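Me: Please take a close look at one part of this structure, namely its aromatic pairs and the residues around them. A connected account, with every criterion stated, would be appreciated.

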Amino acid sequence: MNHLKKIFGTLGRVLRGYFMTIGILVTVLPVLLSWAALRHSHSLSLGNLASMNGAVTPPRKETRLEWTLNGELLENSPDISTRFLERFFQRQTGFYLPEIRRSLRAAASDKHIKSLMLNVYEIHGSSAEFEELRRILGDFRKSGKPVYMHLSTLDDTLLYLASAADSVIMAPAGEITLTGPTFNLTYFGEALKKIGASVEVVRHGKYKSAFEPFVSNKPSPETLEMYRTMESSLLDHFVDKIAEGRKQPREKVASWFKRGIFTPADAVSAGIVDALGYGDDALDRLEAAAPSKAEMDFEDFMALPGEPSVETSDRGKKGATASEKSGGQAGLALIEAVGEIHMTGSNSSSADIITAEQMVKELRWAAGEPDAKAVVIRISSPGGSATASDLIWREVEALSLEKPVIVSMGSYAASGGYYIAAPASWIIAEPSTITGSIGVIGMNIKLAEVEKKFGLSFHTITSSDRAKLLNPSTPSSPEDKALLARAVDDVYQTFIAKVADGRDLPIEQVERIAQGRVYTGIQAEKLELVDELGGLTDAFRAAKEYAGLDTEKLYPILRYEADRPSLMDCLSGPLGMMECLEFTGTRLRQQFDHSVIATAAPAVLGNTLDRTARVMKIAEQDRIMALWPGYL
């Protein structure tokens, strides 16, 4: 009995200690943390928390701020706990307008900040959030410091935002659609009747139309009046502000929204944008207007504590290079471009995609990497976004002026995949590579028979002349088709010209073999679209020849290293987990590359590469079944 009492006594003390500990953790500890947070809340600014990731030094000389807008605009700043977690896990969910406002106000009064460059990839937000950002930019401009904006695409909201800038530069292959405010109303009252359903609605007020689509098959006169007046009001506001910002007659700006679709060249002629060019062209223009001695990422400037001071720094280093491990030894850079081509990865669930944003980073890294004596780009892509392809093309062209660029084509390098390969110094394709497809195609779905068959109708309220194009139930007008054809033809002629220039071929010859036709690698070599048949090994050999290196010697393979993903990135979802695994796999592969090249005997190396080739062959076969080229 005494023995049992001792056991239960010991167990009781353990449990008592356990629950006391739990009690402290769930009650006392949160209180202490809350007290500490309140005591130090004045120091939990975005800037001070940024010190967790390394100090950011304020500007001390004439500095140009550069801001890449790619994400979501958020009206409200996060609370202390959210901000702490974001900074701790190095993941911010969007651009907070209050932080932007505070930082741009400080930048306007900072005597060392000379200008602001905005590079817009994709930005999402409500009309109110765009309005606020435009206002903030307008306030910054009042300081007399120029604001330049580079755009990859242009629509109503982006033009509205861009009209707050001193100068607007458009990507040469950018898409421009200005149809003005548009409301597409879908009614399915008859559709519900056909399936035997009915909806009873009680309402007070003739303009209360939220449930009208359930009981009717067309907008009521009141609903039409309401939407037309809203559309007219919004359009007038857009036109007034854009005309003021762009210094254009109001009637001229209104005509832009009537026409709706423009080629980039047309946009310059009309005064919608000031010039066509790439990001570096925009920077050159800004530097000519307001010379600076340093550049600073705007997000780094935002990270300065409190109201950022006027002391500072150059931009912090991003993307450490693998060559740091090679001890400064000459090597060959390898960049992989696999998948469909997009502007960003935000709208794709696929692990294999090529984004303009990421490719620009990697290509610029290769250009500035002193140990990379030549660059091999492995392309396996059926194409994708014309604008993204053009942005990547420009970086490949710029890189080829700095050092040899060898393209190795995988299963596909068609349409946009060929577009980005064209400026390379040398192109190698597999005999079975599907390439070419030098052409452009667009698609617009029409549902003209839906109302007749299913009772589902569509009604479009807009002042644009492109009403039939915007309405999915009406055939496009001849003028719609002509404008679309003109826009597509403009991209096509650009494609033709860039292939002719990159391949050093007469444009008439490219015109004959283009027309969107797809070729095998064998056919492409005969047509001079590629220089040689072979694989990645041949590409490395050609790279060594071009770089003047010993073709019989093994050199380190250098790869771009992205910033290490945070824990929050890894736990953000399936894509985040895939990115973490990819990052880990890349690091292991880099270590494998270096160790094999440095230590492996020829026989071991041959066996290893043979096994790797067999595995890669299976992956390529799977990719062949999954992808099909033929669009840009």
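Reply: The account below treats the aromatic pairs, then the charges placed over rings, and lastly one serine.

The model is predicted: local features require pLDDT of at least 70, side-chain atom pairs count only at pLDDT 80 or more, and totals for chains, interfaces and linings use all residues. Residues are numbered from 1 along each chain as its sequence is written, and side-chain values use heavy atoms, with hydrogens and water left out.

The structure contains nine aromatic pairs; rings of Phe, Tyr and Trp (its six-membered ring) pair if their centres lie within 6.5 Å, and planes under 30 degrees apart count as stacked, over 60 as edge-to-face and the rest as tilted. One of them joins W67 and F298, a tilted pair with 4.7 Å from centre to centre and 45° between the planes. This pair links distant parts of the chain, since W67 belongs to strand β1 (residues 63-74) and F298 to helix α13 (residues 298-302), 231 residues apart. Helices (H or I, at least four residues) and strands (E, at least two) are DSSP runs, numbered from the N terminus. Both W67 and F298 are buried, where buried means under 20% relative accessible area, exposed over 50% and partly exposed in between (1.4 Å probe, protein chains only).

A second pair is formed by Y160 and F238: the ring centres are 5.0 Å apart and the planes are at 20°, so the pair is stacked. Here, too, distant parts of the chain are linked, with Y160 in helix α6 (residues 156-162) and F238 in helix α9 (residues 221-246), 78 residues apart. Y160 is buried because its relative accessible area is 2%; F238 is likewise buried, at 12%. Returning to the tilted pair, W67 and F298 form one aromatic cluster with F95.

Y160 also carries a charge over its ring: R134 lies over the face, at 4.8 Å from the ring centre. The criterion is that NZ of Lys or CZ of Arg is within 6 Å of the ring centre and within 35 degrees of the ring normal. K498 is placed over the face of W393 in this sense, at 3.8 Å from the ring centre.

Finally, S381 lies in strand β14 (residues 372-381) and counts as buried because its relative accessibility is 0%. A polar atom of the S381 side chain lies 2.7 Å from the backbone oxygen of G339, and one lies 3.1 Å from the backbone nitrogen of G383.

Note on methods:
A polar contact is a pair of N or O atoms within 3.5 Å; within protein, one must be able to donate a hydrogen and the other to accept it, and residues adjacent in sequence count only if both atoms are side-chain atoms.
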